[in-house]
Amino acid sequence: MGSGPGGLQLSYSLARSGVPHAVISADPSAGGMFRRWPFFQRLLSWTKPFAPEERGSRYYERYDWNSLLGDEDRLRAIQPGLMDGTSYFPARAEMEENLATFAREAGLQVRYGCRWTGTRRDGQGFILETTDGEYRCRVPVFAFGMAEPWKPSIPGIEAVPHYADTRAPETYAGKRIFIIGKEVSAFELANGFLPWAKQIVLGSPRPVALSVVTKSLVGVRARYVQPYEDHILGGGVMLVNATIEEVTRTAEGYRVRTTRSDGGGPLVFEVDDVIATTGFTPPLGDLRTLGAQTSGRTHIPALTPLFESIGLPDAYMAGTVTQGAPGLKKHGMPGSSGAVHGHRYNARILARHLAQKYFGIDPARPQLKQDEVLPYLLAEVTRAPELWHQKSYLSRTILVDAARGIIDDGILPLQLFVDSDGPDGVAVAVEANPAGDIYPAVYVRKDNAVTEHLLPTDPLLDFSTAEHRKQLADALKPLGL
Amino acid sequence: MASTPADLIDTLSGISLFADVGAAELNSIAHYVDERRFADGERIIRQGITGSAFSLILEGEASIRLDGKDYGTLGRGDFFGEVSVLLGVPPVADIVAARNLRCAIIAGPALEAFMLAHPTVMFRMLKAEARKLQRATSWRT
């Protein structure tokens, strides 16, 4: 369900796996939320037309966050061919064209304009009620995105427009604007309002976090940091750490009553406009009443490492909501499942899992010779896009099986390897720490006990040095590799 | 049912760790923590694996597991992971979701700032640590 990047990637990957499926979408065409947002037109995720790796190769995906993944040349690296060179952040229309091109060239069949209205259990499967009738399936996969505007329960908030209802920027000319929130979308709007607004206040209980400070994707991305600089230089943008107590309409606009969360007492703002940049929630329909568990204020579905609903077995999620499977989240750093460059790989993994578990489709994995293992793993931690985009989350997994020999088990969730019993083997990942170091991590499973080996970083991020080779070889010794 | 923000604040207000915290501060804390549900059998922190977080049980139960053997059960209001975070060492045991587990989580790198910002919570944590130490050394007396 869904024709955004999550639904399209999964459909393609299911088709490649030989799994029969149908795709429905309430939208009129491919593109998902990119048909409407970000409000200020350009994405946060980059695509570098010119990169250290050859365009169209697997390794190039590390530099192209927006193309979907195809096995055929014509389906690879579509996004850079659609960009006009004015920015390495694609415009919204360029992203939409990227997705539409992939869907068209891959021959994906989507029933557009078909809205899901209800869900029932049907023996071992499900019945999905839609505006075009009922679909009966063994497994439903929901790739509906974080598509519904969400606002917290603050008195008066119902009169406050959401980010999704932001007007054209010129209509804020000379206005005082209070933006509820201090996350990326708040800063996106504030950045866009800088040439127009008289004053901009961003207020929420939590202090601002900047990605360049957290050294991760957590926090406001560098692209939108300008309002922060304006604030610290006293230029007129205010960042206030405060609980929003109440919003009321006044003759001139709005009154926002707050209490500072740093103990500084109450603050009241008289402004012309208020906008709630308080996030989006997935349109879960009746899934929670059927048992699907969710986490947090915005009801992100709680998922297993293979993206199955916790509480609603045999129902799966794809796309941005796969962030509900947070993985190890080492040092508090999330994976990239909330964005295309992360969840496109999750879709491949999910397709493989569904094919294997529900349809008995389980192609033989490639075998490796013993002397191939070390250089292969070093190349993977140095160049594999899956490991670089989904740090501490996805891993290259190799199994040492008495019957089958040394098996390349592919790219899989690291959590699955670390937490599951199974044959002896090794999983390698790329990880980062709060100091900003990026380094390879090696997890060796021997007799169902997992040991972690963190390899050193490298100033040029080359993890195929003699030292890395030596430390990896030492880590692999218990496996006889 | 999953929580609304008000639900999370209500839940936090019933946990002894926050007994000395006023409404505004509790609201702030509710925005600071991440909330997460775990499938039964899922590990929250892992023996010997670095980079883990501080977790506080909001509902459900978790098991303390060392080398595959269970050594006890944790329930609502119990917390874990702080020793590993504060000392910068890997956890010495697994904590495994046993039943309908829902936790409030503070990432390791954020714990120090959280404790310094909320000294009454830190004091309650210290008392809990003292009780653990007392239990661990009770064989001496």
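Modeller: A disulfide is a pair of cysteine sulfur atoms within 2.5 Å. The model discussed here is predicted: local features need pLDDT of at least 70 and side-chain atom pairs count only at pLDDT 80 or more, while totals for chains, interfaces and linings use all residues. Residues are numbered from 1 along each chain as its sequence is written, chains are lettered from A and ligands numbered from 1 in written order, and side-chain values use heavy atoms, without hydrogens and water.

Colleague: How far is the sulfur of A:Cys137 from the closest cysteine sulfur?

Modeller: The structure holds zero disulfides over all chains. For A:Cys137, the closest cysteine sulfur belongs to A:Cys114. No bond is possible because the separation is too great, at 12 Å.

Colleague: Is B:Cys103 buried or exposed?

Modeller: Buried means under 20% relative accessible area and exposed over 50%, with partly exposed in between (1.4 Å probe, protein chains only). A:Cys137, at 22%, is partly exposed. B:Cys103 has a relative accessible area of 0%, and therefore counts as buried.

Colleague: What pTM does the predictor give the complex?

Modeller: Chain B averages a pLDDT (the predictor's confidence in each residue, from 0 to 100) of 91, and 94% of its residues score at least 70. For the complex, the predictor gives an ipTM of 0.92 and a pTM of 0.95.

Colleague: Which residue is the bridge partner of A:Arg445 in S23(A)?

Modeller: Helices (H or I, at least four residues) and strands (E, at least two) are DSSP runs numbered from the N terminus, and two strands pair if DSSP finds at least two bridges between them. Strands S22 (residues 438-446) and S23 (residues 449-454) of chain A pair in the antiparallel sense over six bridges. They form a hairpin with two residues between them, where A:Asp447 in the turn has a positive phi of about 50°. Across this pairing, the partner of A:Arg445 is A:Val450.

Colleague: What is the phi of A:Gly123 in the turn between S3(A) and S4(A)?

Modeller: Strand S3 (residues 116-122) and strand S4 (residues 125-130) of chain A are antiparallel, with six bridges, and A:Asp122 has A:Gly125 as its bridge partner. The hairpin leaves two residues between the strands, and the phi of A:Gly123 is positive, about 60°.

Colleague: How many residues apart in sequence are the parts tied together by A:Arg352 and A:Asp409?

Modeller: A salt bridge is a side-chain nitrogen of Lys or Arg within 4 Å of a carboxyl oxygen of Asp or Glu, and the whole structure has 42 over all chains. In one of them, the closest N and O atoms of A:Arg352 and A:Asp409 are 3.1 Å apart. A:Arg352 lies in helix H6 (residues 340-359) of chain A and A:Asp409 in strand S20 (residues 405-413) of chain A, so the parts tied together are separated in sequence by 57 residues.

Colleague: What is the relative accessible area of B:Arg102?

Modeller: B:Arg102 forms a salt bridge with B:Asp7, with the closest N and O atoms 3.9 Å apart. B:Asp7 is in helix H1 (residues 5-13) of chain B and B:Arg102 in strand S6 (residues 94-106) of chain B, so the pair ties together parts 95 residues apart in sequence. B:Asp7 is partly exposed at 25%, whereas B:Arg102 is buried, at 2%.

Colleague: In which strand of chain B does B:Glu61 lie?

Modeller: The side chains of B:Arg99 and B:Glu61 meet in a salt bridge at 3.8 Å, N to O. This pair links distant parts of the chain, 38 residues apart: B:Arg99 is in strand S6, and B:Glu61 is in strand S3 (residues 54-66).
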